[in-house]
Every structure is written in C-alpha cells, then in structure tokens.
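Subject: A structure to look through

Dear colleague,

Here is the structure I promised to hand over; please open it beside this message, and then read on for what was found in it.

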Amino acid sequence: MRDIRRRSILAGALAVPLTAGLPAASATAAGPARRASAPDTEALRAAIAGLPDANATAALVRVGGTEGRWRGSSGVHDLESGRPADPDARFRAGSTTKVVTAAAVLRLAHEGRIDLDTPVQHYLPGLLGRRFRPVTVRQLLDHTSGIPAGDGLGTTFEEVYAHRFDTLTPQRVAASAGAKKPEFCPGRQQHYLNINYTFLGLLIERVTGRSYASEAARLVLRPAGMRDTYFPGTDPRILGPHNRGYQAVRKADGTTEFLDVTEWNQADRFAAGDMISTTADLERLLTGLFRGRIVPRPQLREVFSVPPGIAGASYSAGGLQRFESDGKVYWVKSGGRYGYNSAIAATRDLSRTLVYSVNSTDAKSEDANPVVVRIITAALK
C-alpha cells in the first residue's frame, strides 16, 4: 500500500506550485537553449535552494534527454563541517536496485537460463511452503506473487537503528516469508514488496552459481557503463566520496536531533535495495536500458508492460512503475534508505529523464518530502 500512496504523492507533486523567492542553488546547464519543452532551469535551481533545512541536508539532480540537460547540487557534505555537498557523491540508491535486478533476470531469460513462466519453486525448491500455489518468475518481477513480506530487524526507527550493524541474511528473510501464508492467489493482485526481489536475487545466484553482486555487475552494470556503482553486502560503509545521511529524531524535551545514519549494514535489502550508486550512473542505467543495450528484445517488452486485468496495477516486469501526467507517460522507480531518497524517471523515447538523490532527514516517511516534491514538479513539468 505504501507505493500506491507514493504514486498519489507523485501525482500531487506535479500540481504543487513552486516555492517562490528562494535563493539560487549551485548548478550548471548544458544542451539547447531554453524552449517550451526544455528543462526549466530557473525552477530547478529554486527547487533545491536553501539546503540544508529541516527536510534535507543535500540534493543532487540530473535532468536529461533529447529536450535538454541540467545538472544541479545544493546543501552540505556533512552538518559538522558545513562544506558544500559533493555533486558526484555516491549514495544509497534503495529500491532503484530493483531495476538492475529485473534487468539481470531478463538478460538471463534472453540467454535461456531462466524461463519467466516457470514457477520459482522449480528454481528454489523448499523456500515456499505447501500453502503456496506455483509462483512464476514473471509474477515476482511484477509484484503479483502474493508472497508476504519477510521478517526484519524491527518495525520502528529506534528498533532498526539499534540493529544497524547486525546482519540479517536474505536467505533468512526469504525463509520467513515462505513460512507464512500467501497474501493472495498469484496473478490476482499487485502488491509492491521487497520480498519479490529478494527471491529474484536468490534465483540469480542459484541458476548462475555466482553471487548476485557479481552477476548484476556482469549483466547490467558493465554494459551500462556504471563504473561507480556497487553492492556493499554486509559492509556498513559507503566507499568513495559521499555525503553524510541523517535521520531527524524528536527528543523528549521537544528538540530535534539529527542522527548520522550513513553507516548501516544493508544485507537484508540485497537485490531489492542495497545498491550504492551515483546520479550519473543511474542516468546511464536509464539510457542504456531504454535503448536496448542491456535487455535485448523480445525481453525488453517486459520492461514496459504492466500486467493486464489487475485493477490498479502499475508496476512492470522491469522493476519500473508506469506514471502518466498531462498525456505523457513516465517510467519511474524511487528508493529510500535512512538518510537517502533517490529516484529515476524517463519517458520511453528518452525525451526527458530525471535522476535525483536527496539526503532526506526522514527518508522512510510516507509523507512527501518538500524538497522531492519541488524537484519532481520542476523537472517533469
């Protein structure tokens, strides 16, 4: 239900008026001169100005496509030093990882090593209990499997923060989900859950005999030219240049403390959300994928196909969500880990692309972050 809410937030963001009177943020522009369909550079500068504030400490934005390009950054590297944010910084990309995972599965399908219509029980015997009907690989990809969420390390920020250096393996997460009862009959509903992509990561490892990280790099990262992207596994650090991430915590005396949440073991996110990347690399992922350089035809059709006959379905087997505004269709994926929000979006013809990373101070909130709202409003108008 959370991503249905996010979809409505995105729709609302496109209608929110821009905040007026903000000072200009640092930015560079390139490409053709401003015209009706080109990026609105003034609105984009205003969208990320004034950071850090209560909602975010930094923002990195790339708008691209055939209509024109714009690059911008604002905010700080860290609250202690106050030095400017690194525009080329690495960050936790969260659920945009799913686009890489889906592309890897579709590549393996093209190679004949995975059949999208074969039940996952064939590839991963014993992980799903007897109460589950056959769940196809395609149903994992488009979130129509009916597999419930697996167990985690807590349900509140305080609980998971206390366990941020602990390791919860994807195998344990998958086993806990498989021991529960199905949410619904496979193929009857669409419910976006990380567990689908946890199973897909394990599937990749089973059919290739190699780690998810190595196969994702071979099948997707290298063909896309994503040189600054990697999967940290159990390492809680972000290697290389990065801006610090923070979580706002309300204290008993009514004041707000900003906890540094940069270091965090993301092993349980696995193929559903542990990727570390840059805005430049995520832009390369979009363009390489949409141009057919990563997933060949006919599997590329899966990237832009939403399952028919399911009310409200919007996710494709490519890990992307279909979103329409003012007659224009965008394919979108957002991600959120504590301290970091990110998203990728593009039209099928790549006339407009958007990639952002926002160091949100409440990245897992279901409420729209005002900085993110402003970026989306300015970039996709």
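Just after helix H3, Gly 112 takes a positive phi of about 80°; helices here are DSSP runs of H or I with at least four residues, and strands are E runs of at least two, numbered from the N terminus. Please keep in mind that this is a predicted model, in which local features need pLDDT (the predictor's confidence in each residue, from 0 to 100) of at least 70, side-chain atom pairs count only at pLDDT 80 or more, and totals for chains, interfaces and linings use all residues. Residues are numbered from 1 along each chain as its sequence is written, and side-chain values use heavy atoms, with hydrogens and water left out.

Of the 14 residues of H3, 13 are buried (under 20% relative accessible area, with exposed over 50% and partly exposed in between, for a 1.4 Å probe and protein chains only), so H3 is largely enclosed by the rest of the structure.

In the largest nonpolar core (buried Ala, Val, Leu, Ile, Met, Phe, Trp, Tyr and Cys residues joined through side-chain atoms within 4.5 Å), which has 71 residues, Leu 141 and Phe 199 touch the most other members. Helix H3, residues 97-110, gives the most to this core, with 9 residues.

Two residues other than glycine also have a positive phi: His 143, near 65°, and Leu 350, near 60°. His 143 counts as buried at 1% relative accessibility, and Leu 350 is buried too, with a relative accessible area of 5%.

Best wishes
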